[in-house]
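I opened the notebook to look up fold, overall dimensions, charges and cysteines in one structure. The entries follow the order of the look-ups.

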Amino acid sequence: MTFVLWMTGRPCSGKTTIAKKLEEIIPNLAMLDGDSLYEWLGPYDFSRESRIAQNKRVSHLAKLLIKHNVPVCVSMISPYEETRNNARRIIDNKKFYLVYVECDITVCEERDTKEMYKQARSGKIKNFTGIDDVFDEPKSPDIIINTNDNPIDTCVEKILRFIEERDT
């Protein structure tokens with residue numbers, strides 16, 4: 001069972017929380033989280049060019065891991081349709097599953113313990129997704145997980161069923 005779950009969604013939509021739960025359940029799952037990757041792969045600004053480059057680096061890292069039969073869960077905002085499509089091309093399309101972690105921006109702002117949205121609205125953070133930079137909603141995700149109304153355990157169960165159906 002080797003695959004890449006590429007979870008995309010607005011900041012504070014629940015991507016990392018879901019990924020951590022999946023990491024507890026799926027044996028040997030490698031979790032590549034946007035915040036951790038920011039530290040490991042070096043800081044970058046939030047310009048479009050930097051985000052595209054970071055997504056490309058993560059795509060190649062995920063491809064390397066699945067080449068060695070390690071299942072991967074990428075948890076990154078990856079706000080542009082173009083970068084998600086590039087990730088699908090870089091990683092074997094048959095092993096790439098785009099998971100859209102859907103959540104209303106108002107709910108994301110309510111969950112924001114780091115007050116990033118507040119800082120973005122006041123101009124302290126530039127190019128923040130959903131405020132002064134776009135979030136392209138995925139046109140054709142493999143699965144949509146709505147965290148507005150569903151508890152995390154329900155979202156995780158839906159993803160596990162999805163993987164199980166694809167793995168048979």
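The entries below go from the whole chain to the cysteines.

**Entry 1, model and fold.** I note that this is a predicted model. I counted 7 helices and 5 strands in the protein chain. Read from the N terminus, the order of elements is β-α-β-α-α-β-α-β-α-α-β-α.

**Entry 2, dimensions.** I checked the radius of gyration, which is 15 Å; this agrees with a compact globule, because 168 residues would give a value near 15 Å. Along the principal axes, the C-alpha atoms fill a box of roughly 50 × 35 × 30 Å.

**Entry 3, packing and surface.** I looked up burial and found that 46% of the 168 residues count as buried. I then took the contacts between residues at least 6 apart in sequence: 77% of them join residues at least 24 apart. The exposed area is about 8900 Å², with carbon and sulfur atoms supplying 48% of it.

**Entry 4, charges.** I found 25 positive and 27 negative side chains. The centres of these two sets lie 5 Å apart.

**Entry 5, cysteines.** How many disulfides are there? The count comes to 0. I looked up the sulfur distances to see why, with 2.5 Å as the cut-off. For Cys103, the closest cysteine sulfur is that of Cys108 at 3.7 Å, which is too far for a bond. For Cys155, the closest cysteine sulfur belongs to Cys103, and at 9.5 Å it is also too far for a bond. I checked accessibility as well: Cys103 is buried at 2% relative accessibility, and Cys155 counts as buried at 2%.

How values were computed:
Residues numbered from 1 in each chain as written. Predicted model: local features only at pLDDT ≥ 70, side-chain atom pairs only at ≥ 80, totals over all residues. Heavy atoms only, no water. Buried < 20%, exposed > 50% of the residue type's maximum accessible area, 1.4 Å probe, protein only. Helix = DSSP H or I, 4+ residues; strand = E, 2+ residues; numbered from the N terminus. Rg over C-alpha atoms; globule rule 2.2 N^0.38 Å. Contact = heavy atoms within 4.5 Å. Areas by Shrake-Rupley, 256 points an atom, 1.4 Å probe, with all protein chains shown as cover. Lys, Arg positive; Asp, Glu negative; His and termini not counted. Charge placed at Lys NZ, Arg CZ, Asp CG, Glu CD.
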